[in-house]
Amino acid sequence: MLAAERLAGRDGVSRLTLDAVAAEAGVSKGGLLYHFSGKEDLIGAMVLRWIEDFERDVAGRLAREGAGAGRWVRAYVGATFEPEAGVQAAGEPVGILAAAATNRELLGELRRCYQKWQERMEDDGLDPALATLLRLAADGLWFSELFGLAPPSGELRAEVYRRMLSLASREEGA
């Protein structure tokens, strides 16, 4: 799977074939097919890995957060803006790109996760509209960086992050 992520990240999703992944991994195509039933299975595993990495990052942040309103929102925003070292979640979502490019059905688990994350946002002690606004802003930053759509950088990016965390630290009704 790492070879597939490396290949797609370097050469683009359109170059993600079983033959190319096998060559990148230094295994036979049959060896690759022993672990994955086909390209869609491989891409699905890449999507699941991204989800697991992101959720592990959020969980680590939650463990360090104090109690109170907005802790889940802050963890989500933090995992989006500053992914933990060794977590590829925000930086290399090539599985998600591959799924979107090849078969949108492969995004089903991601959709379920986003629904669960949204429910956590709405039940985090903040005004649900504010929590949703912060999730959408974090997701928007992620997509703008992913596609190079004029993402903020430097001090502006840092200030956006600080303000989002500040908003997520407000008590309900404040």
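**Notes on helix α8 and the core**

1. Start with helix α8, and with who is tucked away in it: L130, A131, L134, R135, A138, D139, L141, W142 and S144 are buried there. Keep in mind as you look that this is a predicted model. To see a pattern in that list, remember that an α-helix has 3.6 residues a turn, so residues three or four places apart point the same way.

2. Is the length of α8 sensible? Let's put it properly: what should the 20 residues of α8, 128–147, span at 1.5 Å a residue? The expected figure is 28 Å, and the end C-alpha atoms are 28 Å apart, so the two agree. Just after the helix comes G148, with a positive phi near 65 degrees.

3. Now pick out R135, which sits in α8. Its relative accessible area is 13%, and because the cut-off for buried is under 20%, R135 counts as buried. What does its side chain reach? There is a polar contact of 2.7 Å between the side chains of R135 and Q118. Setting aside neighbours within four places in sequence, R135 is in contact with Y76, Y114, Q118 and M121.

4. Next, the largest nonpolar core, which has 48 residues. The members touching the most others are L16, W50, V73, Y76, L110 and W117. Several helices supply at least two residues each, including α1, α7, α8 and α9. The top contributor is α4, giving 10 residues.

5. Last, have a look around L16. Beyond its neighbours within four places in sequence, L16 is in contact with A4, L7, A8, V21, K39, I43, M46 and A98.

How values were computed. Residues are numbered from 1 along each chain as its sequence is written. This is a predicted model: local features need pLDDT of at least 70, side-chain atom pairs count only at pLDDT 80 or more; totals for chains, interfaces and linings use all residues. Side-chain values use heavy atoms; hydrogens and water are left out. Helices (H or I, at least four residues) and strands (E, at least two) are DSSP runs, numbered from the N terminus. The expected span of a helix is 1.5 Å times one less than its number of residues. Buried means under 20% relative accessible area, exposed over 50%, partly exposed in between (1.4 Å probe, protein chains only). A polar contact is a pair of N or O atoms within 3.5 Å; within protein, one must be able to donate a hydrogen and the other to accept it, and residues adjacent in sequence count only if both atoms are side-chain atoms. Contact means heavy atoms within 4.5 Å. A nonpolar core is a set of buried Ala, Val, Leu, Ile, Met, Phe, Trp, Tyr and Cys residues joined through side-chain atoms within 4.5 Å.
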